[in-house]
Amino acid sequence: MQHSPKTDRPAPTIDWLVSQYALGQLPRAAALLTQSYLEMNPHQRHTADRIEQVGGWSLEKAEPVAMRASTSEALLAQLEGTDVMTAPMRISTSDPFESTMPASLLDAIGRPLSDVPWKWRGIGAYEHRLSALEDDGIVARLLRIEPGKAVPQHTHEGMEATLVVSGAYCDDAGRFGPGDLELADDAVDHKPIAERGETCICFAVTEAPMQLTGRIGRIFQSLL
């Protein structure tokens with residue numbers, strides 16, 4: 001993993017991501033990724049639980065404020081139209097990859113992995129965009145990396161969060177297996193390589209499309 005002085009913004013942390021999720025401050029794709037991470041790592045819910053408890057205590061202590069009928073009706077309509085991502089129903093499946101997937105992510109995909117229209121993104125690397133979750137420039141994608149193959153070397157114009165849901169990959173930051181979450185900023189230039197023996201499936205959310213940086217990858221940049 002190479003670093004370059006692209007930005008002075010502090011590198012993201014998992015605690016920061018979880019806290020923003022608990023505060024309801026994340027875009028939909030990032031919120032789904034964080035919820036999926038917490039489903040795979042329930043012992044990490046303590047940060048979100050503390051923030052939600054403080055928020056509930058604050059609401060209990062706050063003085064009630066009268067709300068205009070039009071405002072309350074609009075709020076109810078908005079709540080009724082909001083996708084609630086708690087305790088989603090898991091799709092019944094015999095696919096070994098799907099059996100390890102967080103229920104919320106599988107529900108968002110909305111189809112068996114065998115029916116996902118994967119797009120080629122390099123030798124042994126494929127992706128599927130979850131366009132329905134994308135807003136404000138956010139890019140959400142499933143990644144499939146065949147054993148021993150790699151995602152082309154790349155960087156991003158912004159933050160990248162990658163959750164491993166099956167298999168494992170390695171880059172200069174280390175090894176990432178099921179339930180591991182790698183956070184990178186725009187100063188990171190890396191090439192994740194799937195371990196031999198098992199296909200690696202990841203859910204990745206980025207602030208902008210990936211920018212290929214390898215010599216061969218730049219030739220194929222127009223495909224992304």
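Student: Which residue of β9 is the bridge partner of E160?

Tutor: In β9, the partner is A184. Everything here comes from a predicted model, in which local features need pLDDT of at least 70 and side-chain atom pairs count only at pLDDT 80 or more, while totals for chains, interfaces and linings use all residues. Residues are numbered from 1 along each chain as its sequence is written, and side-chain values use heavy atoms, with hydrogens and water left out.

Student: How do you know that β6 and β9 pair?

Tutor: Two strands are said to pair if DSSP finds at least two bridges between them, and β6 (residues 160-166) has four bridges to β9, in the antiparallel sense, so the definition is met. Strands themselves are DSSP runs of E with at least two residues, whereas helices are runs of H or I with at least four, and both are numbered from the N terminus.

Student: What is the order of the six strands in the open sheet that holds this pair?

Tutor: The order is β2-β3-β4-β12-β6-β9, and the pairing is antiparallel. At the edges stand β2 (119-120) and β9 (181-184), and because each has a single partner strand, one side of each is left without a neighbour in the sheet.

Student: How many bridges join β7 to β11?

Tutor: Strand β7 (residues 169-171) and β11 run antiparallel and are joined by two bridges, one of which sets C170 opposite its partner I193. They belong to an open sheet of three strands in the order β8-β7-β11, with β8 (174-176) and β11 (193-194) at the edges.

Student: How many disulfides does a search of the whole structure find?

Tutor: The search finds zero. C170 is in no disulfide, since the nearest cysteine sulfur, that of C200, is 9.4 Å away. A disulfide requires a pair of cysteine sulfur atoms within 2.5 Å.

Student: Why is there no bond between the sulfur of C200 and the sulfur of C202?

Tutor: The sulfur of C202 is the closest cysteine sulfur to that of C200, but the separation is 3.6 Å, which is too far for a bond.

Student: What makes V188 count as buried?

Tutor: V188, which lies in strand β10 (residues 188-189), has a relative accessibility of 6%. Buried means under 20% relative accessible area, exposed means over 50% and partly exposed is in between (1.4 Å probe, protein chains only), so V188 is buried. By the same scale, D136 at 76% is exposed, and C170 at 30% is partly exposed. D136 is in the loop between β3 (125-129) and β4.

Student: How do you know that α2 is mostly covered?

Tutor: Ten of its 13 residues are buried, including A29, L33, Y37 and L38. The length of α2 can be checked too: the expected span of a helix is 1.5 Å times one less than its number of residues, which gives 18 Å for α2, and its end C-alpha atoms are 18 Å apart, which agrees.

Student: Which residues have the most contacts inside the largest nonpolar core?

Tutor: They are M101, L105 and F203, in a core of 33 residues. A nonpolar core is a set of buried Ala, Val, Leu, Ile, Met, Phe, Trp, Tyr and Cys residues joined through side-chain atoms within 4.5 Å. Among the elements that give two or more residues to this core are α1, α5 (103-109) and β12 (200-206), and α2 gives the most, with seven. Apart from it lies another core, of twelve residues, among them L143, A194, M210 and L212.

Student: What makes E127 and R141 a salt bridge?

Tutor: The definition asks for a side-chain nitrogen of Lys or Arg within 4 Å of a carboxyl oxygen of Asp or Glu, and in this pair N and O are 2.5 Å apart, so it qualifies. The pair links distant parts of the chain, with E127 in strand β3 and R141 in strand β4, 14 residues apart. E127 is buried at 4%, and R141 is buried at 4%.

Student: How many salt bridges does the structure hold?

Tutor: There are six. Another of them joins E195 and R175 at 2.5 Å, N to O; E195 lies in the loop between β11 and β12 and R175 in strand β8, so the pair ties together parts that are 20 residues apart in sequence. E195, at 27%, is partly exposed, and R175, at 49%, is partly exposed.
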